[in-house]
Amino acid sequence: MSREKLNAFIETDLGLSPKAIGPKVITKAIDAHRSHSDCEKCGEYLSRLRASEAAREAFISEVVVPETWFFRNRKSFDFMIRYVQTEWQSAHKHGPLRILSVPCSSGEEPYSVAMALIDSGFPEARLRIDGMDINAKLIEKAKRAVYGNASFRGQNLAFRTRYFEPQGDNYALVPRIKEAVRFVKGNMLRQPFPGRESAYDIILCRNLLIYMSLSGKEATFRVIKRILTKDGLLFLGHAERQIALAHGFIFIHRPGVFACRKDRRKANREQPAASPGLHRPRQRVFEKAGEKPLSAVPRSFTRAITVNAEMRPDEMGPESSENEALLFDRVQQLADQGSLPSACQLCQNFLNQNPTHIQANFLMGLIYEALNENNRAEEFFNKTIYLDPAHHNALTHLAFILEQQGDEDKAAHLRKRANRICAKQNTGHV
């Protein structure tokens, strides 16, 4: 009963989804704080969370650990530059460009924004970039702006030569870029929101919603709608677009660019409730029961996967749940590294032996969707729904594809169906 009350508090008061976080991660967070307090049971820990803002923030920092590096998903930054040059600047001859990165983690994302815009020739004096995170330690690291090799990935690292100075085994960001970003510790769900004096033209809120409960997602989008300008851009993680669609946003259809904006034309259309979190951070992505789709891999998770990175598909028989979990961990790692064809092949090898595996079919749909092969994605989402008619995430992803194809009636029908499923799950009637 104490654990149930703790989960209820996490969901209603912190806005996080206990299912998305996972029981093992929650237990680990509790155990970490027991060593520093007298909390021996879930009930006592819950009392501490209720009484202490610091304890709540420490818990959130423990369970929400984003994986980040400079220019992660570079296509999004390229699109942002084109938007500023071709649309924003023509409508704003004067005044600042306001950008928010939340959660900003250790600063790689907002600093990437600053470097990209300065490289494009945008006047530095007009830049107003905020980075916000609930984790005070990450904010301090961002302000120091000294990074190791893990923060630099990919082949194009020319920016490191231009904007960083070697400091032992690390790299220190030059003051010019550091001064372009203001960092603040804060929680966007706590009022008043610690933003600047005006709304933001661009918000990057990538891979935060995946941790949130239904009420947390709704509260987040209320804030985003309020602080994002009417023509502004919102950047999300690639699997979060269905959540945005459910809250009155439309996606910009560019390969590899997961940006959206307010849909003023259809603001009053019926929208389904946001589906539960599509990810399961810091834990195996697929198990025999329950849905744990593709997600961004936190640092500790990635280290655990790497140990088993060389396992071959033929070593993972269909009868071994442990090997099955390792397989999907590896598929997830490949996908998050950008090796989607390799992830696709590995998943297909598994499906050759397990053709009716529900989550494997759903994952194949996600991979093909990320590859912009919507016909194949549609095929696998349809198969997922055939195997599990109550698979609301497959329904919403399929609805998104059909809407892109112009079949709005069928897309609306699927969203209503997904909405009914979510409502039943939220009331416990499944």
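**Exercises: aromatic rings in a predicted chain**

The chain's secondary structure comes to 19 helices and 10 strands (DSSP runs numbered from the N terminus: helices are H or I with at least four residues, strands E with at least two). This is a predicted model, where local features need pLDDT of at least 70, side-chain atom pairs count only at pLDDT 80 or more, and totals for chains, interfaces and linings use all residues. Residues are numbered from 1 along each chain as its sequence is written, and side-chain values use heavy atoms, leaving out hydrogens and water.

**Exercise 1.** Classify the ring pair of Phe 70 and Phe 164, and say what it ties together.

*Solution.* Start with the cut-offs: rings of Phe, Tyr and Trp (its six-membered ring) pair if their centres lie within 6.5 Å; planes under 30 degrees apart count as stacked, over 60 as edge-to-face and the rest as tilted. Here the centres are 5.2 Å apart with 70 degrees between the planes, which is edge-to-face. Next, place the residues: Phe 70 is in the loop between α5 and α6 and Phe 164 in strand β4, so the pair ties together parts 94 residues apart in sequence.

**Exercise 2.** Work out how Phe 152 pairs with Phe 164, and whether Phe 152 is buried or exposed.

*Solution.* The ring centres lie 5.1 Å apart and the planes meet at 85 degrees, so this pair is edge-to-face. Now for burial (buried means under 20% relative accessible area, exposed over 50%, partly exposed in between, with a 1.4 Å probe and protein chains only): Phe 152 has 7% and is buried. Phe 164, at 5%, is buried too.
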